[in-house]
Amino acid sequence: MNKIKLCGLALAGLIYLAGFGSITVEAAETNTESATLSELNKDKNSKDAAFDQRVKKAETAWQSLTKQRKEEIYALLETEMNDEAKLLDKMVEFQVLDKSDAERFKAFKVQKLKNLRESGEFPLMKKRPRKEQ
């Protein structure tokens, strides 16, 4: 029994000492090219530019809609806002949010929809400043 313990202790010691040895790693040679960060940014910027063009096209299409069709969209946005209000009320009931915070958020959403209706701007995409890269 003592010989087994001694062998186990010796084996553990060897593993411990082997852990202090240097580890040599050789990388495999590949014939692939790596992309630099600037190349990745160029690709992202071109995708962003294409998306921006589609958004501009959508904004133009939005402006060409009749007032009645825009009101249909606004009615759907109002339904969405009312559903969010129900969600906030439930979160207040479950004590996840304070009632004052929920009311503040609801007031913000009401004002936002009112501003959208008054301005007639495209309701889905908010223009935001781009980060310089």
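**View 1. The largest nonpolar core of the predicted model.** Seven residues form this core: Trp62, Tyr74, Leu77, Met81, Leu113, Leu116 and Phe122. Helices H3 and H4 each contribute at least two of the core residues. The greatest contribution comes from H3, which provides three residues.

**View 2. Surroundings of Phe122, a member of the largest nonpolar core.** When residues up to four places away in sequence are set aside, Phe122 is in contact with Ala58, Glu59, Trp62, Gln63 and Leu116. Two of these partners, Trp62 and Leu116, also belong to the largest nonpolar core.

**View 3. The second largest pocket, with a volume of about 390 Å³.** The lining of this pocket comprises 17 residues, and those closest to the pocket centre are Leu77, Lys109, Lys112, Leu116 and Pro123. Two or more lining residues come from each of helix H3 (67–93) and helix H4 (99–119). H4 accounts for the largest share of the lining, with six residues. By residue class, the lining consists of eight nonpolar, seven charged and two polar residues. Leu77 and Leu116, both among the residues closest to the pocket centre, are also part of the largest nonpolar core.

**View 4. Backbone conformation at Gln95, in the loop between H3 and H4.** Gln95 is not a glycine, yet its phi is positive, at about 60°. The residue is exposed because the relative accessible area of Gln95 is 72%, above the cut-off of 50%.

Technical notes: Residues are numbered from 1 along each chain as its sequence is written. This is a predicted model: local features need pLDDT of at least 70, side-chain atom pairs count only at pLDDT 80 or more; totals for chains, interfaces and linings use all residues. Side-chain values use heavy atoms; hydrogens and water are left out. On a 1 Å grid over the protein atoms alone, a cavity is a set of points where a 1.4 Å probe fits but cannot get out, and a pocket is an open set with protein on both sides within 12 Å along at least five of seven lines; lining residues have an atom within 4 Å of a point. Grid points are joined across faces, edges and corners, and a volume is the space filled by probe spheres set on the points. Helices (H or I, at least four residues) and strands (E, at least two) are DSSP runs, numbered from the N terminus. Ala, Val, Leu, Ile, Met, Phe, Trp, Tyr, Cys and Pro count as nonpolar, Asp, Glu, Lys and Arg as charged, and the others, Gly among them, as polar. A nonpolar core is a set of buried Ala, Val, Leu, Ile, Met, Phe, Trp, Tyr and Cys residues joined through side-chain atoms within 4.5 Å. Buried means under 20% relative accessible area, exposed over 50%, partly exposed in between (1.4 Å probe, protein chains only). Contact means heavy atoms within 4.5 Å.
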